[in-house]
Amino acid sequence: MTRHAEPANLDPLRILAVDVGGGTQDVLIYDSSRAIENCVKLVLPSQTHVTAARVRRATRAGRDVYLAGSVMGGGASSEAILQHITAGLRVCAAPEPARTLHNDIARVQAMGVELRDTPPPGAEVIRLCDVDIDGLAAALTRFGVELPSIYAIAVQDHGYLPDAGGREFRYEYLQSLLRGGGEARDMIFREPPDYMIRMRAVTRDLPGAVVMDTGAAAVLGSLGDPLVAARAGAEGAVLVNVGNMHTFAAAFRGDRIHGQFEHHTGGITPELLARLVGKLAHGTLTEGDVELDGGHGAAFGNDYAALAPYPFVAITGPNRRIATGLGYHEAAPHGDMMLSGAFGLVDGCLQLLRSEGYHLPATSLHPDS
């Protein structure tokens, strides 16, 4: 099955966009022949929660488990695996999926995970992956919906190289993108850098898929809200995406990101959010400000401070209620807040296909294309 649009084919363009979060996976079956409101949309539990449920069932049954598949997002799945070990049950894993617990394999072994290439007799095999394409296909088939042949997937990848002392590359990666111009539509890849191991796992599991960072996808998708697009173009704006596990905020003009920070949503209060967003909007935020408050980090383009302020603030994401009372605009791209990242994936994918010389039909996302 081809994963690429054909240059001479002006039939409706269909894209499977999956924004993989810590709590949900937000799915859009984009079809250029349909109004965007009528495209198939799903908000499902993320694979880390699906995996955690499978592990917990094995724990209750008193069965050992074997982790197969690929590295994926941790969180709920990692917690369930560690609880399985605490219960006195055996966890074995192939080397790649074992990195879901930690990039450093020695640390994974110290947690009590046994590394082996094949499952031991009697163990329940649990396949790790960020996108269960077979599960999606089976569910959609019941409703007469076929999967598109083009896949666009967003994940949050911290990056890792075995010979780099366990260093995380996420902020070096984001910094390089911002200093390279910060064009949000350019932040989608067929071939991610070698050190982005989670993105590369997705492209191995789904050959031909394009991948994007979840933060960039949410920012790009938010421009589907006409007010956000207008204010960002006219005066600059800060978009805040308060997800189930992570909060991402970006300062942008037009569709170029110039600065951003990321924090754990569990550590975000209205006061902290207002302080960090205020500094980001005024061009005074530093990486130290974010780290001091327990956040992940920050990255800035060359023009971040010079282009400040970014006075308009819009908020999206399932935990946007944290910002109640702060006066932020609630962004609803194409009328659907939960699909911000999926809309951004489609937008980026369309731009990528055009840059590769494909002739595309007019689309419902951008009717004038």
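These are my notebook entries on two sheets, the helices beside them, one cavity and one arginine.

**Ground rules**

I am reading a predicted model, in which local features need pLDDT of at least 70 and side-chain atom pairs count only at pLDDT 80 or more, while totals for chains, interfaces and linings use all residues. Residues are numbered from 1 along each chain as its sequence is written, and side-chain values use heavy atoms, with hydrogens and water left out.

**Entry 1: the sheet that holds β1**

I looked up the strand order and found an open sheet of 6 strands, β3-β2-β1-β8-β10-β9, with mixed pairing. Strands here are DSSP runs of E with at least two residues, helices are runs of H or I with at least four, and both are numbered from the N terminus; two strands pair if DSSP finds at least two bridges between them. At the edges I noted β3 (40–45) and β9 (188–189), each of which pairs on one side only.

I then followed β1 (14–20) to its partners. With strand β2 (residues 24–31), β1 pairs in the antiparallel sense over 7 bridges, and a hairpin of 3 residues joins the two; within this pairing Ile-15 stands opposite Tyr-30 in β2. With β8, β1 pairs in the parallel sense over 5 bridges, and there Leu-16 has Tyr-151 as its bridge partner. I also checked how covered β1 is, and 6 of its 7 residues are buried, where buried means under 20% relative accessible area, exposed means over 50%, and partly exposed lies in between (1.4 Å probe, protein chains only).

**Entry 2: helices α7 and α6**

Which residues of helix α7 are buried? In this helix (residues 197–205) I listed Ile-197, Arg-198, Met-199, Ala-201, Val-202 and Thr-203. Their cover includes β1, α3 (95–98), β8 (150–155), α6 (170–179) and β10 (210–213), with contact meaning heavy atoms within 4.5 Å.

For α6 I found that 7 of the 10 residues are buried, so this helix is largely enclosed by the rest of the structure. The buried ones are Arg-170, Tyr-171, Tyr-173, Leu-174, Gln-175, Leu-177 and Leu-178, and what covers them includes β9, α7, β10, β13 (256–264) and β14 (297–300). After α6 comes Gly-181, which has a positive phi near 130 degrees.

**Entry 3: the cavity**

How many cavities of 30 Å³ or more are there? I found 1, and its volume is about 40 Å³. A cavity is a set of points, on a 1 Å grid over the protein atoms alone, where a 1.4 Å probe fits but cannot get out, and lining residues have an atom within 4 Å of a point; grid points are joined across faces, edges and corners, and the volume is the space filled by probe spheres set on the points. The lining consists of Val-71, Cys-129, Asp-130, Val-131, Ala-201, Val-202, Asp-205 and Leu-206. Here Ala-201 and Val-202 return from the buried list of α7.

**Entry 4: the sheet that holds β13**

I looked up a further open sheet of 6 strands, with the order β14-β13-β12-β11-β15-β16 and mixed pairing. Its edges are β14 and β16 (329–330), each with a single partner strand, so one side of each is left without a neighbour in the sheet. The helix α6 packs on this sheet, touching β13 and β14, and its direction makes about 20 degrees with that of β14; axes are lines fitted to C-alpha atoms, for helices over the stretch in contact, and angles run from 0 to 180 degrees between N-to-C directions.

In β13 I counted 7 of 9 residues as buried. β13 and β14 run antiparallel, joined by 4 bridges, and Phe-261 stands opposite Ala-298 in β14. On the β12 side, 8 antiparallel bridges pair β12 with β13, and Phe-261 is the bridge partner of Ala-249. The hairpin of β12 and β13 has 2 residues between the strands, and Gly-254 takes a positive phi near 60 degrees in this hairpin.

**Entry 5: Arg-320**

Where is Arg-320 placed? I found Arg-320 in the loop between β15 (312–316) and β16, partly exposed with a relative accessible area of 26%. Not counting residues up to four places away in sequence, Arg-320 touches Val-242, Ile-315, Glu-330 and Met-337. I also noted that the C-alpha atoms of Arg-320 and Asn-241 are separated by 7.5 Å, although these residues are 79 residues apart along the chain.

Terms used
On a 1 Å grid over the protein atoms alone, a cavity is a set of points where a 1.4 Å probe fits but cannot get out, and a pocket is an open set with protein on both sides within 12 Å along at least five of seven lines; lining residues have an atom within 4 Å of a point.
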